[in-house]
Amino acid sequence: MHQLLNQFDLKPGVTRARFDAAWKSFVDHLIAQNWAVSAGPVFTRQPESGYDTDEVRAHRLMAVISFRDQAQADAAWAAI
């Protein structure tokens, strides 16, 4: 299984509730089109936890999309 880790921040003026609803619609569409197998919820990064060692990126939000294989991931990328 291939996975894509998305790291991001919301644009100014976009609420978390609004983004979460849009994320769910986006993921549902990917799955309906057979462009993804599943995706997790958006979660808040905890960089001060000690196990987050990424000192390069400071994004506060993350989500994972899972693909059956590289071909499916490539198809999703092309569609997006």
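**Group meeting talk: core, pocket and a few single residues**

Of the 80 residues in the protein chain, 21% count as buried. Keep in mind that this is a predicted model.

Start with the fold. The protein chain has 2 helices and 4 strands. Read along the sequence, they come in the pattern β-α-β-β-β-α. Now the contacts in the protein chain with a separation of 6 or more. Of these, 65% are between residues 24 or more positions apart. As for surface, the protein chain exposes about 5,600 Å². Carbon and sulfur atoms supply 58% of that area.

Next, the core. Which residues make up the largest nonpolar core? There are 12: Phe8, Trp23, Val27, Leu30, Ala36, Val42, Leu61, Ala63, Ile65, Phe67, Ala73 and Ala76. Three elements each supply at least two residues of this core: helix 1 (16-32), strand 4 (61-67) and helix 2 (70-79). Strand 4 gives the most, with 4 residues.

Take two members of that core. Val42 is one of them. Setting aside residues up to four places away in sequence, Val42 touches Phe8, Arg16, Phe19, Asp20, Trp23, Leu61, Met62 and Ala63.

Ile65 is another core member, and Ile65 lies in strand 4. Is Ile65 buried or exposed? Ile65 counts as buried, because its relative accessibility is 4% and the cut-off for buried is under 20%. What does Ile65 contact, leaving aside neighbours within four places in sequence? The list is His2, Gln3, Leu4, Asn6, Trp23, Phe26, Leu30, Ala36, Ser38 and Ala39. For a distance, take Ile65 and Pro41. They are 24 residues apart along the chain, and their C-alpha atoms are separated by 9.3 Å.

On to the largest pocket. About 160 Å³ of space lies in it. Its lining is Leu4, Asn6, Phe8, Phe19, Trp23, Phe26, Ile65, Trp77 and Ile80. Strand 1 (2-8) and helix 1 are the elements that give two or more residues to this lining. How many residues of each class line the pocket? There are 8 nonpolar, 1 polar and no charged residues. Compare the two lists. Phe8, Trp23 and Ile65 line the pocket, and Phe8, Trp23 and Ile65 also belong to the core.

Stay with the lining for a moment and look at Leu4. Leu4 lies in strand 1. Its relative accessible area is 35%, so Leu4 is partly exposed. Not counting residues up to four places away in sequence, Leu4 touches Ala63, Val64, Ile65 and Phe67. Leu4 and Ala63 are 59 residues apart along the chain. In space, their C-alpha atoms are separated by 8.2 Å.

Now two alanines in the second helix. Ala71 is in helix 2. Buried or exposed? Ala71 is exposed, because its relative accessible area is 54% and exposed means over 50%. Ala71 and Trp35 are 36 residues apart along the chain, with 9.2 Å between their C-alpha atoms.

Ala75 is found in helix 2 too. At 31% relative accessibility, Ala75 counts as partly exposed. Ala75 and Gln33 are 42 residues apart in sequence. From C-alpha to C-alpha, they are 10.0 Å apart in space.

Last, one backbone detail. Most residues other than glycine have a negative phi. Asn34 is not a glycine, yet it has a positive phi of about 65 degrees. Where is Asn34? Asn34 sits in the loop between helix 1 and strand 2 (38-39). Asn34 counts as partly exposed, because its relative accessibility is 44%.

To recap. Strand 4 gives the most to the largest nonpolar core. The largest pocket has no charged residues in its lining. Ile65 is found in the core and in the pocket lining. Asn34 has the positive phi to look at when you go through the loop. That's the tour; questions, please.

Key:
Residues are numbered from 1 along each chain as its sequence is written. This is a predicted model: local features need pLDDT of at least 70, side-chain atom pairs count only at pLDDT 80 or more; totals for chains, interfaces and linings use all residues. Side-chain values use heavy atoms; hydrogens and water are left out. A nonpolar core is a set of buried Ala, Val, Leu, Ile, Met, Phe, Trp, Tyr and Cys residues joined through side-chain atoms within 4.5 Å. Buried means under 20% relative accessible area, exposed over 50%, partly exposed in between (1.4 Å probe, protein chains only). Contact means heavy atoms within 4.5 Å. On a 1 Å grid over the protein atoms alone, a cavity is a set of points where a 1.4 Å probe fits but cannot get out, and a pocket is an open set with protein on both sides within 12 Å along at least five of seven lines; lining residues have an atom within 4 Å of a point. Grid points are joined across faces, edges and corners, and a volume is the space filled by probe spheres set on the points. Ala, Val, Leu, Ile, Met, Phe, Trp, Tyr, Cys and Pro count as nonpolar, Asp, Glu, Lys and Arg as charged, and the others, Gly among them, as polar. Accessible areas come from the Shrake-Rupley method with a 1.4 Å probe; for residues, only the protein chains shown count as cover.
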